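Got your viewer open? Let's take a short tour, one selection at a time.

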Amino acid sequence: MIQETVERLLAAAPEKNIWVVTNDDLRAPIMRQLKGLNRKQVLAEPVGRNTAPAIGLAAFILLHHDPDAVLGLFPSDHVIANEKQFHKDLAKGIAIAAAGENIVVMGIQPSRVETGYGYIETGAKDRNGALRVRRFTEKPDTERAAEFVAAGNYYWNSGMFLWAASTLAATLHEYLPKTAKILEQIAATHGTKKFEATFKRLYPRCENISVDYALLEPRSLKGEEASNLFCIPADFGWNDLGSWAAHYEHRLTQGHKVNAVESEGVFTLDAQGNYLYAPGKFIAAVGVHNLVVVDTGDALLITTRERAQDVGKIVKYLDEKKLKKLV
């Protein structure tokens, strides 16, 4: 999927301007898949610190080369069905981000009540064609998510953002000053022999926080007119494959009908809305609805599509119990 993500972006930027932030374990596989990228374009975090420090480091590095350059954040687990429309919306977002101290987010029209995504409350339409943002709300409970969907002016936060490098750097200094100073120190050594050692020594001191919590939510408190936050309502067939429920929806678009099944064979009777994954095994499902069953050989996950986002709690438990081989 990371190859598809990069290929999508080549319409907007040459390969030399595409950077990947990952971890040490994935750096080598990514370099093998993305042969056109220089090693310096793949930043491997010594420890995970979420999206704010990750994209922040890229901004401070870019600041040394081209402070007016527009920086985009694009997760690699997204599916985009209509790339022509994606490129059109992307060009619109780049123009808005380049026009001032603006932050642009791609918003997705909700298709269901979903507690695993952040929500964007939008206000008036600006003369630039985008909607002004009133506030961001991260992963609400089911009741609030239902209210947002019913209201009609809320969009899912896709996690795709655009801003000038200088805008992002200034926003980090405003809301995450401690982390911003650390990132500046690391970025100052980029391209030198000191970079790897400085990165490993200082990066763990950064706050572990997402862009949404660290920057977008507090900036939205400035108000609809003053925050310079803009949402582009995107309609390009987006899906975030970060949850099993999203995998289920994606499989339905690929020809699966009542259930999404990956197995050696299957028998179903009065079974609907299930995602069933057991490669090499025969699956029989009788009288079950809206389940997620994932068999990876050394572990078995059983949950509902509604609670699929809680898988993250299992990962946290496994980390705490030092069961790394299961993660």
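First, some vocabulary: buried means under 20% relative accessible area, exposed means over 50%, and partly exposed is in between (1.4 Å probe, protein chains only). What you're looking at is a predicted model, where local features need pLDDT of at least 70, side-chain atom pairs count only at pLDDT 80 or more, and totals for chains, interfaces and linings use all residues. Residues are numbered from 1 along each chain as its sequence is written, and side-chain values use heavy atoms, with hydrogens and water left out.

**Stop one.** Select Phe267, which sits in strand 11; strands are DSSP runs of E, at least two residues long, and helices are runs of H or I, at least four, numbered from the N terminus. Phe267 counts as partly exposed because its relative accessibility is 42%.

**Stop two.** Now pick Gly107, in strand 5 (residues 103-108). Is Gly107 buried or exposed? It's buried, because its relative accessibility is 0%. Add its contacts (heavy atoms within 4.5 Å): beyond neighbours within four places in sequence, Gly107 touches Ile120, Tyr155, Trp156, Cys231, Ile232, Pro233 and Ala234. Try Phe230 as well: it is 123 residues from Gly107 along the chain, yet their C-alpha atoms are 9.5 Å apart.

**Stop three.** Finish with helix 6 (residues 165-175) and helix 7 (residues 177-188). Which residues meet here? From helix 6, show Leu172, His173, Glu174 and Tyr175; from helix 7, show Pro177, Ala180 and Glu184.

How values were computed: Axes fitted to C-alpha atoms, helices over the stretch in contact; angles between N-to-C directions.
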